[in-house]
Amino acid sequence: MFFFWSNEIGLEKFWKSNADARLAVVGMYDAMQPTYKTNHFLWGEFRGDSYTPSGGATSQNIELVLQGITAENRSVLKWNNLYILINRANQCIKYIPTISGYDKNLLAEAYATRAFTYFDAIRVWGAVPLFTEPTETVVDIQRSRTAGATILKDVIIPDMLKAEELMIVPSNNFRFSKASIYCLQAEVYMWTKQYDKAKLA
């Protein structure tokens, strides 16, 4: 779960400028591709009753639709890429504020990404291991799960509110912006049945 440049460039030479921070945020978004390219669908709409699997009703497809997932669908159950994404967001959250005159929008994107990713994690698995600091050594990389409700209260909601506070970019088609942060807030509040807050968002 090490960030790709931590071993190649070194922390003492990186995180010196907003150009470094932008590279880190791009690296964070890059981790979304293997995390979500298929799983976003398999963890979500696929599991509803409105989907007809391509290739027929295989045992793996039926398991996903019926919520009875076994080791046959282990590729869907893996969260390794998800935690690489979280780790990259954690690195941005830790190190971007150490840069003189850092771009707050970049930090906002990291907070929004971590909130978004943990929100998906707790909806798929319920309780999951919680990491809010980057993994920089092999110590403490194995953790027991934290209750989804705790992650929601202590990480997801504070992160999305912090992202809103920091972000000034009104919209962006490909990255987090003020508009997409409000969309995330609305979805989280709908999930928690806080409908007045969802409507406001």
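## Reading a predicted chain, step by step

Student: Where do I start with this one?

Tutor: Start with confidence, since this is a predicted model. Here the chain averages a pLDDT of 87, and 81% of the residues score at least 70.

Student: Over which residues is the pLDDT below 50?

Tutor: Look at residues 1–6, where the pLDDT is below 50. In the model, that stretch still has 22 contacts beyond near neighbours in sequence.

Student: Okay, next up: how many helices and strands does the chain have?

Tutor: You'll find 10 helices and 2 strands. Walk along from the N terminus and the order goes α-α-α-α-α-α-α-β-β-α-α-α.

Student: What share of the residues counts as buried?

Tutor: That's 42% of the 201 residues. As for the outside, the chain exposes about 10,900 Å², with carbon and sulfur atoms supplying 55% of that area.

Student: And how do I read the inside?

Tutor: The general idea is that in soluble globular proteins, nonpolar side chains tend to be buried together. In this chain, the largest nonpolar core has 51 residues. The members touching the most others are Trp15, Ile96, Tyr118, Val128, Ile151, Ile156 and Val188.

Student: Which helices each supply at least two residues of this core?

Tutor: Among them are helix 1 (18–30), helix 6 (80–95), helix 8 (148–166) and helix 9 (178–191). Helix 7 (104–125) belongs on that list too, and the largest share of the core, 13 residues, comes from helix 7.

Student: What about contacts along the sequence?

Tutor: Take the contacts with a separation of 6 or more: residues 24 or more positions apart account for 62% of them.

Notes
Residues are numbered from 1 along each chain as its sequence is written. This is a predicted model: local features need pLDDT of at least 70, side-chain atom pairs count only at pLDDT 80 or more; totals for chains, interfaces and linings use all residues. Side-chain values use heavy atoms; hydrogens and water are left out. pLDDT is the predictor's confidence in each residue, from 0 to 100. Contact means heavy atoms within 4.5 Å. Helices (H or I, at least four residues) and strands (E, at least two) are DSSP runs, numbered from the N terminus. Buried means under 20% relative accessible area, exposed over 50%, partly exposed in between (1.4 Å probe, protein chains only). Accessible areas come from the Shrake-Rupley method with a 1.4 Å probe; for residues, only the protein chains shown count as cover. A nonpolar core is a set of buried Ala, Val, Leu, Ile, Met, Phe, Trp, Tyr and Cys residues joined through side-chain atoms within 4.5 Å.
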